[in-house]
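Biologist: I would like to go through this structure with you, one question at a time. Please show it first.

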Amino acid sequence: MAYELKKVLDEIVSNSFPELRERKIKIEYAQIENAYFGFNGNKKGYELYVDPKMKNVSKNLVLGGIVHELCHIVNEMNLSRYMSRKDRLLYKKNSHYFQLDEKNTDLQAILRGYGKGILALSKLKKRLGGLTTNEVKKLLKK
Ligand SMILES: [Zn+2]
């Protein structure tokens with residue numbers, strides 16, 4: 001059983017990302033280096049990648065991963081070309097910047113209403129950055 005990624009993506013965008021409704025976003029199962037979810041592209045169009053290992057995990061985890069990547073995209077869309085180039089460079093070269101950016105992206109996803117997804121994502125053993133499971137739990141406490 002695998003998720004129909006395009007269907008999942010369209011649902012997320014129409015429910016929670018009004019600013020992406022007119023954007024071209026492709027999504028497919030593909031292996032990427034050091035991550036289970038990723039994206040590529042520019043303002044003209046984006047591609048999302050989901051590791052094939054994510055075919056048999058909970059819906060929350062898939063939602064969390066996709067929403068996290070969409071938050072990266074929205075963040076980048078809001079930067080000028082100069083700033084987005086700088087942002088990508090720092091993200092690659094500075095591990096502290098990377099960590100803070102990953103945590104901030106998780107926060108954005110929680111703000112969009114996908115706390116359970118980020119909680120599931122935080123439990124992935126090989127995840128390199130982002131909020132810890134404890135941090136997410138504290139944020140989701142009412
Ligand atoms: Zn990320």
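Modeller: We can begin with one pair in the sheet: lysine 26 has a bridge partner in strand 3, and that partner is glutamate 47. Keep in mind that this is a predicted model.

Biologist: Which residue in strand 3 is the bridge partner of isoleucine 25?

Modeller: Strand 1 covers residues 25–29, and strand 3 covers residues 45–50. The two strands run parallel and are joined by five bridges. Within strand 3, the partner of isoleucine 25 is tyrosine 46.

Biologist: In what order do the three strands lie in the open sheet?

Modeller: Strand 1 pairs with strand 3 in the parallel sense, while strand 2 pairs with strand 3 in the antiparallel sense over six bridges. The pairing in the sheet is therefore mixed. Strand 1 and strand 2 each have a single partner strand, so they stand at the edges, and one side of each has no neighbour in the sheet. From one strand to the next the twist averages 15 degrees, and the order is 1-3-2.

Biologist: Through how many residues does the hairpin join strand 2 to strand 3?

Modeller: Strand 2 and strand 3 are antiparallel. One of the pairs across them puts glycine 38 opposite tyrosine 49. The number of residues through which the hairpin joins the strands is two.

Biologist: Is lysine 44, in the loop between strand 2 and strand 3, buried or exposed?

Modeller: The C-alpha atom of lysine 44 is separated by 7.7 Å from that of arginine 23, a residue 21 places away along the chain. To count as exposed, a residue must have 12 or fewer other C-beta atoms within 10 Å. Lysine 44 has 7, so this residue is exposed.

Biologist: What is the value of phi for asparagine 34?

Modeller: Asparagine 34 sits in the loop between strand 1 and strand 2. With 8 C-beta neighbours inside 10 Å, this residue counts as exposed. Most residues other than glycine have a negative phi. Asparagine 34 has a positive value instead, near 60 degrees.

Biologist: Which strands does helix 1 lie across?

Modeller: Helix 1 is made of residues 5–16 and runs at about 140 degrees to strand 1. Lysine 7 is one of its residues, and the C-alpha atom of lysine 7 is 9.8 Å from that of isoleucine 27. Lysine 7 counts as exposed, because 10 C-beta neighbours lie inside 10 Å. The strands that helix 1 lies across are strand 1 and strand 3.

Biologist: At roughly what angle do the axes of helix 1 and helix 2 cross?

Modeller: Helix 2 lies across strand 2 and strand 3, at about 30 degrees to strand 2. Val8, Leu9 and Ile12 in helix 1 meet Val62, Leu63, Ile66, Val67 and Leu70 in helix 2. The crossing of these two helices is right-handed. Their axes come within 11 Å, and the angle is roughly 60 degrees.

Biologist: What is the term for how helix 1 stands to helix 2?

Modeller: Two packed helices are described by the angle between their axes and the distance between the axes. For helix 1 and helix 2 the angle is roughly 60 degrees. That makes helix 1, relative to helix 2, oblique.

Biologist: Is helix 5 roughly parallel or roughly antiparallel to helix 6?

Modeller: The axes of helix 5 and helix 6 come within 9 Å and cross at roughly 165 degrees. Angles over 145 degrees count as roughly antiparallel. The contact is made by Gly115, Ile118, Leu119 and Ser122 of helix 5 and by Thr133, Val136, Leu139 and Leu140 of helix 6. The crossing is left-handed, and its angle makes the pair roughly antiparallel.

Biologist: Which helices do the buried residues of helix 5 pack against?

Modeller: Helix 5 covers residues 115–122, and its buried residues are Gly117, Ile118, Leu119, Ala120 and Leu121. They pack against helix 2, helix 4 and helix 6.

Biologist: Which element has the highest mean pLDDT?

Modeller: For the chain the mean pLDDT is 95, and 99% of the residues reach 70 or more. Where pLDDT is low, the predicted coordinates should not be read in detail. Among the elements, strand 2 has the lowest mean, 92, and the highest, 98, belongs to helix 5.

Conventions: Residues are numbered from 1 along each chain as its sequence is written. This is a predicted model: local features need pLDDT of at least 70, side-chain atom pairs count only at pLDDT 80 or more; totals for chains, interfaces and linings use all residues. A residue is buried if 20 or more other C-beta atoms lie within 10 Å of its own, exposed if 12 or fewer, and partly exposed in between; C-beta atoms are placed from the backbone. Helices (H or I, at least four residues) and strands (E, at least two) are DSSP runs, numbered from the N terminus. Two residues are in contact if their C-beta atoms, placed from the backbone, lie within 7 Å. Axes are lines fitted to C-alpha atoms, for helices over the stretch in contact, and angles run from 0 to 180 degrees between N-to-C directions. pLDDT is the predictor's confidence in each residue, from 0 to 100. Angles under 35 degrees count as roughly parallel, over 145 as roughly antiparallel, 65 to 115 as roughly perpendicular and the rest as oblique. A crossing is left-handed if the near helix is turned anticlockwise from the far one by less than a right angle, and right-handed if clockwise.
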